[in-house]
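Q: I am new to this structure and would like a close look at a single part of it, the place where two helices meet. Please take me through that part with care, and then through some other local features.

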Amino acid sequence: MFSRHMLAILQEAETTASSGGSVADTLAVLRQLSLDDFATVIYSLPVGDYPSLSRVMPPMSSVETQKRWTGASGPNLVASTSWFGRLAADAYMNATGRSLAGRSILDLGCGYGRMIRLFYYYTDPQDIMGVDPWQVSIDECLKSDLPSTIRKSDILPETLPTGGRRFDLVFSFSVATHLDMLGTTTLLRALRTAVADDGVAIVTIRPVEFWAWREKSSGRAGSQFIEAHERDGYAFDLMGRKPEEHYGDSSFDLNFFRNLPGWRYVGYDRSKVDALQVAVILKPISS
């Protein structure tokens with residue numbers, strides 16, 4: 001199941017867990033793995049060959065849940081997730097000159113905890129918070145007993161339920177990709193209240209090419225949204241939910257992020273692993 005070069009580290013993690021080591025102790029051992037190998041382990045738990053490791057660390061959500069939220073599981077989920085961890089660590093380093101290791105992290109739109117589990121590679125659970133407006137997402141995180149703080153937010157939160165805590169890195173992965181203009185601007189204001197003054201925010205968006213891909217893959221019309229994007233720098237298609245939920249498919253031009261109140265546009269990044277997720281990198285500025 002695991003590559004041979006991983007086995008000695010996994011056995012060390014098993015020994016640490018079996019001798020009373022904490023989640024943090026066990027993670028410190030697992031971080032000797034590469035990020036992809038770390039994700040492979042974390043996303044595979046529980047594993048019968050490593051009962052103590054499986055007891056200390058949280059179980060992965062079911063394959064059904066993984067596919068329902070992200071359309072992938074197993075190795076495909078690792079590939080479609082770990083690139084963002086690398087991107088975020090690089091963006092934080094480039095923007096601040098500091099490593100992401102040991103920093104505090106907020107995941108807005110945490111779902112079942114996919115990214116939370118991945119970011120244990122960089123920091124311990126007590127320094128990661130997940131927030132989501134959907135109770136079903138909160139329930140999935142609690143079902144897995146994730147050792148991070150998980151809180152429910154409003155659908156359009158003006159502020160986030162962080163208890164006043166501010167974070168070194170705040171990110172929202174594949175959330176603005178589904179929000180209209182009001183939803184996206186509200187999300188950005190909420191993130192601004194939660195990021196540290198010297199912190200970094202990352203929000204993923206869809207580029208205009210998304211609409212052609214969507215039309216080809218699903219048959220849903222794309223040309224009118226391409227025209228809207230090229231005219232307005234933004235397009236949105238409400239998809240099967242109530243208008244007040246502001247949910248559908250959207251695309252944004254990068255110019256939208258260059259003059260946002262309270263933010264300085266740092267740049268963007270993306271990976272060919274998922275070229276239709278463009279990560280916008282922002283730093284807070286005083287109003």
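A: In this predicted model, Trp211, Ala212, Arg214 and Glu215 of helix H10 meet Ser223, Phe225 and Ile226 of helix H11. The residues of this contact divide into 4 nonpolar, 1 polar and 2 charged. Helix H10 covers residues 209–218 and helix H11 covers residues 223–232, and the two pack at an angle of about 175°, with their axes 9 Å apart. Because angles over 145 degrees count as roughly antiparallel, H10 is roughly antiparallel to H11.

Another helix, H6, runs through residues 74–96 and has 23 residues; from its first C-alpha to its last it reaches 33 Å, which is close to the 33 Å expected at 1.5 Å a residue. H6 nevertheless has a kink of about 25°, centred on Thr81, and the helix is followed by Gly97, whose phi is positive, near 80°.

A positive phi is also found at Asp145, where the value is about 55° although this residue is not a glycine. Asp145 lies in the loop between helix H8 (135–143) and strand E3 (149–152).

A further backbone feature is the cis peptide bond that joins Leu45 and Pro46, with omega about 0°; Pro46 itself lies in the loop between H3 and helix H4 (51–56).

Helix H3 (residues 35–42) also holds Phe38, which pairs with Tyr121 in the loop between helix H7 (114–119) and strand E2 (128–132), so that the aromatic pair links distant parts of the chain, 83 residues apart. The structure holds 18 aromatic pairs, and the one formed by Phe38 and Tyr121 is edge-to-face, with 5.1 Å centre to centre and 65° between the planes.

Note on methods
Residues are numbered from 1 along each chain as its sequence is written. This is a predicted model: local features need pLDDT of at least 70, side-chain atom pairs count only at pLDDT 80 or more; totals for chains, interfaces and linings use all residues. Side-chain values use heavy atoms; hydrogens and water are left out. Helices (H or I, at least four residues) and strands (E, at least two) are DSSP runs, numbered from the N terminus. The expected span of a helix is 1.5 Å times one less than its number of residues. The bend at a residue is the angle between axes fitted to the seven residues ending there and the seven starting there. Axes are lines fitted to C-alpha atoms, for helices over the stretch in contact, and angles run from 0 to 180 degrees between N-to-C directions. Angles under 35 degrees count as roughly parallel, over 145 as roughly antiparallel, 65 to 115 as roughly perpendicular and the rest as oblique. Contact means heavy atoms within 4.5 Å. Ala, Val, Leu, Ile, Met, Phe, Trp, Tyr, Cys and Pro count as nonpolar, Asp, Glu, Lys and Arg as charged, and the others, Gly among them, as polar. Rings of Phe, Tyr and Trp (its six-membered ring) pair if their centres lie within 6.5 Å; planes under 30 degrees apart count as stacked, over 60 as edge-to-face and the rest as tilted.
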